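Trainee: I have a model open and some points to settle. Can we go through them one by one?

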Amino acid sequence: ARSDLARRWFERGLAIAGDLNDEGLRGELLRHLGNLAYRAEDYDGALRHYEQALASARAAGQTAAQAHALVNLAAVATEQARPAQAREHLLQALQIYKAAGNLRAQASLLGNLGVIDHDLGWADQSQAHFRDAIERHEAIAETRGAAVARCQWGACLIAQGDPAGAQAVIE
């Protein structure tokens, strides 16, 4: 009920964005429609909206919006069991955040890349991403983020049969 109302408002906004020829606004509204579809577990619908949002953000030259859409596309790819595609989207978003100097976003994406690389069986790359995530979290005094990255890394090490390594990472 509420999501239907929200969808109708976002679709109405899309018509207005079209009338205004505002690709940036169109992209944001498409991303919100993608979020609604994602929450409803309509991953194909979410994928379609996020791809359109990315195209609009690119057309508008909005790099932050491009990164958001790429992260959303990575989430859909993860839900659809396409880790290599999720990884590619996150790497693209990471480049945008690096160019912008956004350490918090970099740290978050690096932690996610660590998990995905673990899932792909790339232990060395996974550990490198976790180290980089922790380093960036600590550089901005974000102890909670560093703790989360350490726990993610530890969980991956336990899954690899290395509880001693996990203990060392968490301590």
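The exchange below covers a helix, a core and ring pairs in this predicted model.

Trainee: How far apart are the end C-alpha atoms of helix 4?
Mentor: Helix 4 covers residues 63-79, which is 17 residues. At 1.5 Å a residue, helix 4 should span 24 Å. The model agrees with that: the end C-alpha atoms are 25 Å apart.

Trainee: Which helices help cover the buried residues of helix 4?
Mentor: The buried residues of helix 4 include Leu 70, Leu 73 and Val 76. What covers the buried residues includes helix 2 (23-39), helix 3 (43-60) and helix 5 (83-100).

Trainee: Which helix gives the largest share of the largest nonpolar core?
Mentor: That core has 41 residues. Val 76 and Trp 153 are among the members that touch the most others. The largest share, seven residues, comes from helix 4.

Trainee: Is the pair of Tyr 38 and Tyr 43 stacked or edge-to-face?
Mentor: The structure holds two aromatic pairs, and this is one of them. The ring centres of Tyr 38 and Tyr 43 are 5.3 Å apart. Their planes stand at 65 degrees, and over 60 counts as edge-to-face. So the pair is edge-to-face.

Trainee: And Phe 130 with Trp 153, stacked or edge-to-face?
Mentor: Phe 130 lies in helix 7 and Trp 153 in helix 8, 23 residues apart. Their ring centres are 6.1 Å apart. The planes meet at 15 degrees, and under 30 counts as stacked. So this pair is stacked.

Trainee: Is Tyr 43 buried or exposed?
Mentor: Buried means under 20% relative accessible area. Tyr 43 has 18%, so Tyr 43 counts as buried.

Notes. Residues numbered from 1 in each chain as written. Predicted model: local features only at pLDDT ≥ 70, side-chain atom pairs only at ≥ 80, totals over all residues. Heavy atoms only, no water. Helix = DSSP H or I, 4+ residues; strand = E, 2+ residues; numbered from the N terminus. Expected span 1.5 Å × (residues − 1). Buried < 20%, exposed > 50% of the residue type's maximum accessible area, 1.4 Å probe, protein only. Contact = heavy atoms within 4.5 Å. Core = buried A, V, L, I, M, F, W, Y, C linked by side-chain atoms within 4.5 Å. Phe/Tyr/Trp six-rings, centres within 6.5 Å; stacked < 30°, edge-to-face > 60°.
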